[in-house]
Amino acid sequence: MTPDPYQTALDRIRQAADSGAESLDLSELWLTSLPPEIGQLTKLTQLDLAFNELTELPLEFSQLVCLIKLELAYNQLTNLPEEICKLPSLKWLQISSNPLSELPNTLWQKTDWELLDLRGLRLKELPKEIGRLSNLNFLDLGLNQLTKLPKEMAELKSLSVIFLGFNPLEIAIPKKWLGDFFNGSDYAQEILAHYKRMYEEGGRELGEARVLVVGEGGVGKTSIVKRLIDNTFDDKEDTTLIVEKRPLPLGDV
């Protein structure tokens, strides 16, 4: 007989309450609701609720006054309760891969965040208040719908790791600074300085250059261009009698 996820969670909560546990793992139970008894765990510092099907959190959640790290990734939350952002000890929040398109203002008013995992939400913009998170060390914004970053992010002097990949950013960021899908970028300060410079100069990097290939007739100018673009070579290439313009997508050079 398959165990009831709710009862399994309730049993673990009661055991944690009896033992005075400081951490609790309720991940991968596929819970659709969380027992209100969770509020009894006033000594809890770490709680893992990832990989469930929670659409909301009970009001008793606000009683977790010692909670420092909260994992809510891969649930079905459509809004983030303001009570979470008001938890006095909370410094790590992971809410990636939830159908959230907006976050409460109270999240940005809490200035002692150290880690925010906001990957794979539906965020289209960030408020300027993000610049007030002076203790923030790790920020994951990958897989959102961001087209720009607020200039106030340049104030995040403690930020050392950032994920920005898979966003339609209008100001291009050098690929070597972005990291990859699994590894964040250690170039956080370089990225923020880059954005600050673009804002101050009132422009954006073009991300392209013009190359003029010049030489005597028949020396192989066309052959070089075709090799770079198509990776082809014709040893009987006719002499080019006109000036040709062709795109040369070399990527990072």
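Which residue of strand 3 does Asp48 stand opposite?

1. Asp48 stands opposite Glu71 of strand 3. The model is predicted: local features require pLDDT of at least 70, side-chain atom pairs are counted only at pLDDT 80 or more, and totals for chains, interfaces and linings use all residues. Residues are numbered from 1 along each chain as its sequence is written, and side-chain values rest on heavy atoms, with hydrogens and water left out.

2. Strand 2 (residues 46-48) pairs with strand 3 (residues 69-71) in the parallel sense, over three bridges. Two strands count as paired if DSSP finds at least two bridges between them. Helices (H or I, at least four residues) and strands (E, at least two) are DSSP runs, numbered from the N terminus.

3. The wider arrangement is an open sheet of seven strands in the order 1-2-3-4-5-6-7, with parallel pairing. Its edges are strand 1 (23-25) and strand 7 (161-163), each of which pairs on one side only. Neighbouring strands of the sheet are turned by 5 degrees against each other on average, direction ignored. For such angles, axes are lines fitted to C-alpha atoms, for helices over the stretch in contact, and the values run from 0 to 180 degrees between N-to-C directions.

4. There are four salt bridges in the structure, the term denoting a side-chain nitrogen of Lys or Arg within 4 Å of a carboxyl oxygen of Asp or Glu. One of them joins Asp140 and Arg119 at 2.9 Å, N to O. This pair links distant parts of the chain: Asp140 belongs to strand 6 (residues 138-140), while Arg119 lies in the loop between strand 5 (115-117) and strand 6, 21 residues apart. Asp140 is buried, at a relative accessible area of 4%, and Arg119 is likewise counted as buried, at 12%. Here buried means under 20% relative accessible area, exposed over 50%, and partly exposed in between (1.4 Å probe, protein chains only).

5. Lys110 and Asp112 also meet through their side chains in a salt bridge, at 3.2 Å, N to O. Lys110 counts as buried at 9% relative accessibility. A network of salt bridges links Lys91, Lys110 and Asp112.

6. In helix 5 (residues 188-201), Glu200 and Lys196 are separated by about one helical turn because they are four residues apart. Their side chains form a salt bridge of 2.5 Å, N to O. Glu200 is exposed at 56% relative accessibility, whereas Lys196 is partly exposed at 35%.

7. The second largest pocket holds about 220 Å³ of space. Its lining includes Ser101, Trp108, Arg122 and Gln145, and the lining residues divide into five nonpolar, three polar and four charged. On a 1 Å grid over the protein atoms alone, a pocket is an open set of points where a 1.4 Å probe fits, with protein on both sides within 12 Å along at least five of seven lines; lining residues have an atom within 4 Å of a point. Grid points are joined across faces, edges and corners, and a volume is the space filled by probe spheres set on the points. Ala, Val, Leu, Ile, Met, Phe, Trp, Tyr, Cys and Pro count as nonpolar, Asp, Glu, Lys and Arg as charged, and the others, Gly among them, as polar.

8. Gly39, in the loop between strand 1 and strand 2, is buried at 3% relative accessibility. Val243, in the segment after helix 6 (221-230), is exposed, with a relative accessible area of 75%.
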